Each structure stands twice: as structure tokens, then as C-alpha cells.
Amino acid sequence: MIQILSVVGLTKPIFLHPSLAPLPSSFQIRTHAPSPTSFSLLLIHSLQRFKSIVSFYAVCFNHILLIARHLNPVKTLEMEWNQQTLQFLSQSFLDTLSPHPEPRRRAEKNLSDAADTPNYGLAVLRLVAEPSVDEQIRQCAAVNFKNHLKTRWVPSSANPIPDGEKEQIKTLIVPLMLSATSRIQAQLSEALAVIGNHDFPKLWPALLPELRSSLETAINANDFASLNGILATVNSLFKKFRYQFKSDPILLDLKYCLDNFAAPLLSTVESISGKINEAAGSAATLRQLIEAQRLCFRIFYSLNFLDLPEFFEDTADKWMNEFKNYLTVRYPALEDAGAEGVSLVDELRAAVCENISHYMEKEEELFQKYLKGFVEAVWSLLVIASASPSRERLTVTAIKFLTIVSTSVHHALFAGDEILQQITQSIVIPNVMLRDEDEELFEMNYVEFIRRDMEGSDLDTRRRIACELLKGIAGNYKEKITERVSTQIHNCLALFAENPSANWKYKDCAIYLVVSLATKKAGGASISTDLVDVESFFRSVIVPELQGQDVNAFPMLKAGALKFFTMFRVLIPKAVAMALLGDVVRFLSSDVNVVHSYAASCIEKLLLVKDNNGVQSQARYTSVDINPVLPVLMTNLFGALEKPESEENQYMMRCIMRVLQIADISPEVASPCITGLTTVLNRVCENPKNPVFNHCLFEAVATLVRRACERNPSLVPAFETCLLPSLQMILAKEVTEFFPYAFQLLAQLVDLNRPPVPPHYMQIFDILLTPDLWKKSANVPALVRLLQSFLQQAPNELNREGRLRLVLGIFNKLVSSPSTEEQGFHILNPIIENLGYDVMAEYMNHIWASLFTRLQNNKTARLVRCLIIFMSLFLVKHGIQTLVDSINSVQTNLFHAILGQFWIPTLKTITGHTEVKLSAVASTKLLCESASLLDPAAEELWGKLLDGIVTLLSLPEEERVEDEPEVPDFGEATGGYQATFVRLHNAGKKEEDPLKEIQDPKHFSVALLANLSSQFRGRFPPVITRYLSPANQAALVQLCRYVQVKKGREGYYKLWSGVKWSLGHTDSFEVKSTFW
């Protein structure tokens, strides 16, 4: 077979080895290996396929496209809609809801395989429409249908939905949505929005006219159920205008929607208003109409989001009258009937508040004539809503509106002392005080409580937004707000002091106000407040709670105290904090999930505090501080992981990870820790749920392995005894989301073993070479990391049993894709570094042909950089002539073409300390020692290469390297759930310097140039003048000065005697005056 490399000026074909013939059509690759029940079975299964794999890589070394075709066999059968299909899909969706992992994974795999079949989406949609199927199954199918469209509707998808199937889906989805139940309707709305984001309006011009006609029919017929379905559909379609940047195409789509729907929307709103007035006494009708009006107002929000359309500007009076009406009118039939009715009306009012907030932010000039009336209406509504614990959504949106006004030029509306007092006392305090709903969330859903309270995602809660209002007003009236809030804090603490048991919520309110109104300093963890003296408040209010002996008493107060300690940790003196550390450790044993979570978070954040001594930042708390409490600390942390609902508590695991990074890890500590961590790992393998917890768990293991085993290698066997069964369980049970972590830990263990590598690791090496493992992109970086360890620790094993050919096949597969090309070089580089050229010689022709073919077909900047670094490594390990000859064996004089077109232009873009050093040294050796470059005929290449070397050595990265966008890889299907690769910081490979003997690449390059100049006096001045830019000529002088400083004047004189002669006689390059 012949491959042609079309490099400019080169037309001679490259002949590849005859063994690289096309794959036989009968050759099949199993895309799903059976699930073995143990690591041994997995090994046996893999080894049985070993001979086939060897043969496979031998023939596919340069045929990745053919491999891809075999790895993704074409489906020729369509999914027909019949009873068997209905039964298959129904059972599969039912099994995906199973609490047991085996049937759930089997069903997910069946559905994933079926999704590649044409008409799958259509069949699922028909299942959703089937009334005989259980509602739960149909809802699950609707979710699957939505996700199916997300990954396959766009034609550029890996396996797109056929056009014919798309048209049928578009025909069915609108009427189905109109008739579906609310939960299914919500999923189909999102699915329709997915279609709309791509097809609407250009590829689906009939949709909006159809919806508009159906809308008019539904209103005239008083069919309010259909009315809501249509409006929900339009709302889903128009939501895209809220989330996209303004551009000509999106503005054209917006204009189309405005032309076709703006006027009908206003008439619909006015018609619904009339019908609401007519139905004032009918709760059932009002429910549907109020919901319809809410949807209309959300559509209004979407159409106004990007810009103020002329239609809405012209009809602003009508819209504002409608909005104000719903803020001031009550609907007794709903609001007096219970919380559900109040909530429904409040959702409508909240939609109004969001619309007027948007106008206040974006169209203040138009809105200002309506502002005073709306402020009064919202204020009156808010005073009433704040007293009710169930009206959260309305309260939040109303306060947001007032906050926007308070930070605008109209802030004088809040300047009066009476108004500020009323805001503080009637709005802020009632909304900050704990409610029954908060206590219930604290007890029943601690994860959500912490997410809102500690992690700052509570901006849409009454407590946080009330404080944001105070912050907004304080921007203009800071002293007045500080005075009033400080008074409220003291009042709350006084009420608590009167009766601590009954009035504990007032103390919680005081703590919350101080924490929430604190100001965070930019770029750091330090915060400050003017409301109280932090240290005094901490000693008098917080310390008594932390020193309470009952860790379960008044848990919300305890949590608030721990949160305060965490937030103000930088301001708390070390001595005070250390005196309380034992108390915080004690709270880890609390039975209350929030309390022991906050205790863990407090310890973890304390260990991150740094102090700046004016020169550098240093950790405030070190191993000396943590060691005295380490045994009880680790006992309590692992004990908390055994408490109900905290089995996968990410705050506990994050704290364990942090402590292991700082504390001194003795064998007495390491042994129970690795046992505890592997116990937790075995448990979560059964059903991984929390990605943050899982990552911290594996990071903790990697930290423990690194800090314990590197210091004390005798611990390695004990660690292997604990870890290897867990890692083999991950592989055997195919816990795919843990594969990347497992491979990184295995790499870490391989690195800790001195050659020869034990036999059980070599079994893993063989499994590592199986193609199935490399199919998922999430596995690739971790597999490469593991393969690097084997290549470094067991290079002699690589050339046995066909392993080298397999590894090169993997390299070829990776380098063929832009998304994995760099990983391919991470495999190739250690091969070149650790194997003798006599072993590699027979493969080099194929390697170069593969690289240059990829360079021809799909060149990327990253690929070229990786290629230059690889060739540099090759040069310093095996010599200049070996590099030149091996490349020229592919095609005559190819090396000079590569040098001129790729190496020299790319040299200045190399980044990374080791990479820059390697490239500079290799390029300088090439410049000074290559006979072909020293030939006068190669003068231009010589001069340009020197120019590139000077740029590389003299300019910092930010001045010579431009940021480039990441290259997406469309070669792998992205349907459904995909595990992602997350690097374990503590399992990373230590950077190896292939040029340890060279300390300074600048000194090395200058010395080599000096030696060359002394040999060829007078030859290079015109070359330098012609090919080095003036800036680089000056930079070369600076390099000389750099060497002078490093070596001293005597050494400098000897070093540069030749260079002086070479450069000093050129009029344009004033070296004499500069040097001497």
C-alpha cells in the first residue's frame, strides 16, 4: 500500500511496510467484552484474545479510519413499531429505575445500543404517547427521548437522526405535547426546545403559525388545558433568546418570532385578563388562567431579553398596566383556599417582578415613569409576604427588584430614616429569622441545606436576598445601615440572653447577619465586617457554642458557630484557633449531619490558611499543629462516614484528604487510614453517586500512597495488599466511572516498585494493551499515565511477546485524533528515551510515515509542537545523524523540508521548562554539529534556526506564544452518560529531565555557538545580519551578558573569543562597544 505525503516541494510517495494491508472484511472486533466476575477472569479473557490483538495491531498500524469503521459497525435494521418493540422499550425503561446496579446497567446498555438504530427516537416518542403504558415508564422514556435528541439531532453528531425520522418526530411532537400530562409535557417541551435550537425557524417554518392558530382556537373555545400546553411550548421555544449572545443570526430569529407572535401575545394577555375577571369566583378556572398568564409573562421576558423590541416600546403602557394589576389585585377564590392557591398567584406575581426588574436594569429610561408606582406596589406586597413563611418565590423576586432600584440612580427612594428602619425591621429581620421550613431542610436534607447555607448557592433564598438588599442600600447609605443592623444584632443577642432555650433563633439570626453582610476581600479568603468587632464577637458569642459539651444540643446554633469560625478563620489568632481545635474535632462525632459536616469543613479550611510575611506566603497551620490531635481526628472523621446519610459525605472526605496532605504520616497512622479508605472505596463501588466525594476519596488514597510509601518503601507491600483487590474489583465489575482513577493509582504503585516489576503487574501490563480499554476518551489520559510507568519501569519487557508492536499501535490510534494526539506522544517519548535504537530501528520508518501523514491530513499547532519535542528527544538520545538518516529513509531530503517548514517556525512556540530546555539544546546541537546544516548551501536554514533559538531562549512564554482554542474531537459518540477524566494531583507522574547533565540551556547554547565561531571565524557575520531580526541580534548580545554574569569575566573572555571575531567585525552589530 502507498501513502503520499504532500509536503510543499516534495512529491515522492512514501512506501509503507507491506504488512500494513487493509483490514480483511471478515475481521470483527467485539465492542463489548463479557463482564468477568473477578480480576483473574478478566485477565484470562484478555489473554485469550492476546494473539488476535497482536495480529490486529500489526495490520492496523496506519489504518485508524478502518479501525473506527470496525469498532462502530453500521446498523442496517430499523426499529419497527410493534408489540415486541413496545415490550422491549417498556421493560428497559422500567429496569433503568431499578435500585440494583446489574439490571440498571444492563438496561442502560441495551438502550444505548438500540439508540444507534434508525427510528429509535420515533419509537420512544410513540411509547410516550401510548396510554396503556405506566406513567412512570412514559416519563422515563420522555427524559430519554429528550437526551437522545440532545446528542443526535445536530447533523454533525457522531450518529445523527436520519432526516426522514426527524420529519416524523416534528409532525408528532406538537400534538403529543398538547395532550400530555404536566410532567411529560415538561420533558417534551425541553425536547422541542432542543429541536427548535437547531431547526426553528429556518428548518421548521410551519411550527409558529401552527402554534399561533392553535392558540387562537383554544382561547375562543375556552380550552384552557390546550391553551397552557401551547403557551408552554412557545415558552420552551423562546427560552433560547435568554441564553444566547446577541448576534445577527439570533436577532433575525428574534425578529421572525416578534413579527409572528408579539401582537398575538398581547391580545392573548388582554383576553386572559378579561376571562380572569369573569371567572373571579371559580377556583378551577382561575388556576388554569393564572398559569396561562404566567406563561405569557415568561414569553414576554424571553422576547425582551436581548433588546427592547419596538412593538413592546410602543405598547409599554398596556403591558405595565397589566403587570401592576397583578401586583395589587387579590384573588380570594384561590388565595383564601390554601397555600397551593397562594403559591399559584405568587408565581404569576414573581414573573411580573422579574419582568420589571429586567426593565429596571436594561431599559431604565423607559421604565422610570412607572418606577414609583411599582416600588409602592412591590413594597406593600412584600411587607405582607415577608410575614408568611410559605411565600418564598415572591419574596425573593420582590426583594431583588428593590435591590436593583437601591443600587440605581433612584436610590433616594430609600434614603429616609423611617424607610430604612422599616426595611431593616419589617423586611430583613423577618426574612432572616429561621422558619420551620429551614429546620425541616436542616434535618431532612442536609446536603441541600449546606449547598444553600455554606456554599453560597442561596442567592435565591429569602435569608440571602434580604441581606443583599441591605448591601445594595449600604452602597449609598453605609453608616445608616451599619447603625441599624448593629442595633438589630444587639437586640437579637439580648433576647437570646433572656431565655436561651426559647430564643435561640435570635442568636442564630445575629450570627447569620454578621456572616452574610461581611465583605470579602478581592483575590483572597479574608473577609471583614463593620458590624461587630470580630475577635470580641467570636469570644463572647461563638466560643460558648463551640465549647458546649453536648455536640447534639441546639444543632443549628452549633452549625452557625462553626460557619462563623470558618468564614472568619483568617482573622482569628492562631493561639485562639488552636485552643478550640480539639472542640471542633469533637463536633465530628455529632449525630447531626450538618454539624459534623461543618466541623470537617472548618478544619479543612483552617489548614488552607496562609500568612504573608512580606516575602512569601506560608501555611499558618503545619504538621506540628495537627499531629497532637491526629489520632482522634482521623478516628472521628472515619467514624462520621459510618453515620446515616453521611456514608458519602464529601466534606468528611475532603477533610481527610487535606489532613493527609499536611500531617506527618507514620506507619501507625498509615495502616488504619489505608484500611479505612479501601473499606469506603469498596462500598462506593457498589453504586457510585457523588462525584465530588469519589474524587476526594481517590485523591486521599493517592496522597496517602505518595506521602507514606515514598518516605517508607517498606509500606508498599501492605498498601498493595489493601489496594489491589479494590482496584481489581473496579475492573472486574466494570465500574467505568472509576476506571481513570484506578489506572492512575495503579501507575502510582508501579512507580513505587523497583525493577524488575513483579509478575502480577506484568499481567496488568498485558491487559492494558487491549483495545476495548482505549475506546473511551475518559480512560485515555489515565491509561497513558499507567503505560508510561510500565515503559519506564520495565523497558526490557516491552520488546517481548509482541508488546512493542501493540504499544505502537496504541500510539498510532491516539496520534490520529486531534483530541488525543498529545497523549500519543506521551507514549512515544518514553519508548525513545528508554529503548536502544537497535530495538526501535525497524519501526521508525512506520512511525515517521504515520506522523507525517497526520501532519499532511490534519495539522494542528499542538501536533507540530509535540513532533518538534519528540524529534529533539530523539536527537539528544540517539544522535543527529541517526535522526536525519531515519527521516530521510522515508523520503530523500525530507529532514530539511521538515526542519524548514515545521521545526524552525514552531520552535518559538514551545512551552514548559523541560520542553524548552530540550528543544533549545537539540536545536543548538543541530545548528553547530550537523554537517548538512554547516554546508554553505544550507545558509538560510542555519540563519533561521539560530533566529528561532534566540527567540526561544530570550523571550518569556507570554510574549512568544499565542493562546489557541482547544480542538474538539467529533470522532467519538457522546450520547448518554460519559465518565470524564479527572487528574489525581498526588498520583501525577514526576517530570523527568532527559538532560540532567545540562543545568542551563542558555549557557549550553552560547558555549556551543562560541566553539563553532572559533572554528569558522568570519563566516557567520553576514549570515547573522541577514537572517536574525534586529531584536534577536540585540537579544544575542543579552545572552552574552547573561553568560558573563554566570561565568565571570575571565571565563566570559575565553568563551566568547570566537564569537567576538564572528560578530565583532560587522558594522550593523556593534558587539565591540557592547562587550568590551
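The following exchange looks at one helix pair and at the cavities of a predicted model.

Modeller: Local features in this predicted model need pLDDT of at least 70, side-chain atom pairs count only at pLDDT 80 or more, and totals for chains, interfaces and linings use all residues. Residues are numbered from 1 along each chain as its sequence is written, and side-chain values use heavy atoms, with hydrogens and water left out.

Colleague: How are α27 and α29 oriented to each other?

Modeller: Helices here are DSSP runs (H or I, at least four residues), numbered from the N terminus. The axes, which are lines fitted to C-alpha atoms over the stretch in contact, with angles from 0 to 180 degrees between N-to-C directions, come within 9 Å for α27 (residues 555–567) and α29 (residues 593–606) and cross at roughly 10 degrees. Because angles under 35 degrees count as roughly parallel, α27 and α29 are roughly parallel to each other.

Colleague: Which element gives the largest share of the lining of the largest cavity?

Modeller: A cavity is a set of points, on a 1 Å grid over the protein atoms alone, where a 1.4 Å probe fits but cannot get out, and its lining residues have an atom within 4 Å of a point. The largest cavity is lined by 11 residues, with D438, F449, R452, T461 and R463 nearest its centre. While α22 (436–444) and α23 (446–453) each supply at least two lining residues, the largest share, 3 residues, comes from α23.

Colleague: How many cavities of 30 Å³ or more does the structure hold?

Modeller: A volume is the space filled by probe spheres set on the grid points, which are joined across faces, edges and corners. The largest cavity has about 140 Å³ and the second largest about 110 Å³, and the number of cavities of 30 Å³ or more is 6.

Technical notes:
Angles under 35 degrees count as roughly parallel, over 145 as roughly antiparallel, 65 to 115 as roughly perpendicular and the rest as oblique. On a 1 Å grid over the protein atoms alone, a cavity is a set of points where a 1.4 Å probe fits but cannot get out, and a pocket is an open set with protein on both sides within 12 Å along at least five of seven lines; lining residues have an atom within 4 Å of a point.
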